[in-house]
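Student: I would like a close look at a single part of this protein. Please pick one residue and walk me through its surroundings.

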Amino acid sequence: MNLCSRSCFIRTRLLTSFRQYSSTVPEIEQNEQVLIDDTDDVKAREAEIEKKRNKSGLSAAHFNLVNDRRPYEAPKSLAHLTVKYHSKMYGKYGAASGVNPSLCWPTRKDIQERLEYEAVAFPYTIREMMDAAAVKRKEEQLKIEQREKEVAAKFAKLEQWKNELNAKVAKKAAEIQAAKVKKERLVEEVRRHFGFTLDPRDERFQEMLTKREKEQKKLEKQARMEAKEKIMIAKLQQKNVQLNEQS
C-alpha cells in the first residue's frame, strides 16, 4: 500500500509540474520577443543618433573613409566583388575590413604567370646586372675623363685661337679699309676724267666708274698671275739648283 501511494503521489506531482511549465512557456517566449524588440529599438536609436552626429554632410562611404573605416559594408558594384578589391581592403584596414586574409595570397596560376613575366622582364641574375652596371659606370667614367682632357686641350689653345681670331678680324678690317680707299680713288679718277663736278648718281658717272672698276680688277688679276709665275719660276730654279748639287 505504501509503494502504491508513493507512486501515485509522484505521478500527481509530475502532472502538476508539467501543467505549470506548459502555462509558463508562452510567457517566456513573449518575454524573449520583447527583449529582442527592445534590442532592435536600441540599435535603431543608436543608428539614428550616429546619423545625426554626422554634421559634415558627407555620404556614408566618404564619412567612413574620413574616419579610417571601410567605405562600403556591402558591395555596391561588380568591382567590389573582385579579389583585387578585397586584397586592397585587407591591406588598408586589416582584420577590421572583415576580409578573409587567405584571399590575399596568390594562386598557383598567379605565381606561374608572375614567374614567366619576371623571366622575360628581368632575364639577368643579380650578379650579371651588378657586373653590367659596373661596366657601364667604368665606361661613363672613361667618357668623363676623355671629355675633361679635350676641354683641357682646348683651353690650352684658347689664347692661340683668340690671337688667330683677332688677326682675322684685323685682316678683314684692313681689307674693308683697302676696298674703301680703292673705291674713293676710282671715284676721284672718274671726276678728274670728266674735268668738272658731276653727281656720283649720274648715269655717265656710274658707267665710267664701272668701267674703271673692271680695268682695276683686270690689272689686279694680271698682277696676281705675274706674282704666281714668279713664285713658280723661283721654285723651279731652286729645284734645278738642288738637282745640280746632287749630281
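Tutor: What follows is a walk around R70, with some background on the chain and one stop elsewhere.

Keep in mind that this is a predicted model. Begin with the whole chain. It has 7 helices and 0 strands. Read from the N terminus, the elements run α-α-α-α-α-α-α. The chain holds 247 residues, and 8% of them count as buried. Its accessible surface comes to about 22,300 Å². Carbon and sulfur atoms account for 58% of that surface. Now take the contacts between residues at least 6 apart in sequence: 19% of these join residues at least 24 apart.

Now find R70. Look in the loop between helix 2 (60-66) and helix 3 (83-93). R70 is buried. Arginine counts as positive, yet R70 has no salt bridge. Why not? The nearest side chain of opposite charge is E73, and it is 6.0 Å away. A salt bridge needs the charged atoms within 4 Å, so E73 does not qualify.

What does the side chain of R70 reach instead? Go to S97. The side chain of R70 reaches the backbone oxygen of S97 at 2.5 Å. S97 also appears among the contacts of R70, leaving aside neighbours within four places in sequence. The others on that list are N64, Y85, H86, M89, Y93 and V99.

Take N64 from that list next. N64 lies in helix 2. Is N64 buried or exposed? Its relative accessible area is 13%, so N64 is buried. A polar atom of the N64 side chain lies 3.4 Å from the backbone oxygen of R70. So two different parts of R70 come into play: its side chain reaches S97, and its backbone oxygen faces the side chain of N64. Set aside the neighbours of N64 within four places in sequence, and N64 is in contact with R69, R70 and P71.

For contrast, move to Y124. Y124 sits in the loop between helix 4 (108-121) and helix 5 (126-156). Y124 has 56% relative accessibility, so it counts as exposed. Y124 also belongs to a nonpolar surface patch, together with I126, M129 and M130. That patch covers about 460 Å².

Put the two loop residues side by side. R70 is buried, whereas Y124 is exposed.

Conventions: Residues are numbered from 1 along each chain as its sequence is written. This is a predicted model: local features need pLDDT of at least 70, side-chain atom pairs count only at pLDDT 80 or more; totals for chains, interfaces and linings use all residues. Side-chain values use heavy atoms; hydrogens and water are left out. Helices (H or I, at least four residues) and strands (E, at least two) are DSSP runs, numbered from the N terminus. Buried means under 20% relative accessible area, exposed over 50%, partly exposed in between (1.4 Å probe, protein chains only). A polar contact is a pair of N or O atoms within 3.5 Å; within protein, one must be able to donate a hydrogen and the other to accept it, and residues adjacent in sequence count only if both atoms are side-chain atoms. Contact means heavy atoms within 4.5 Å. Patches are made of residues with over 30% relative accessible area and no salt bridge: like charges are joined within 9 Å, nonpolar side chains (Val, Leu, Ile, Met, Phe, Trp, Tyr) within 5 Å. Accessible areas come from the Shrake-Rupley method with a 1.4 Å probe; for residues, only the protein chains shown count as cover.
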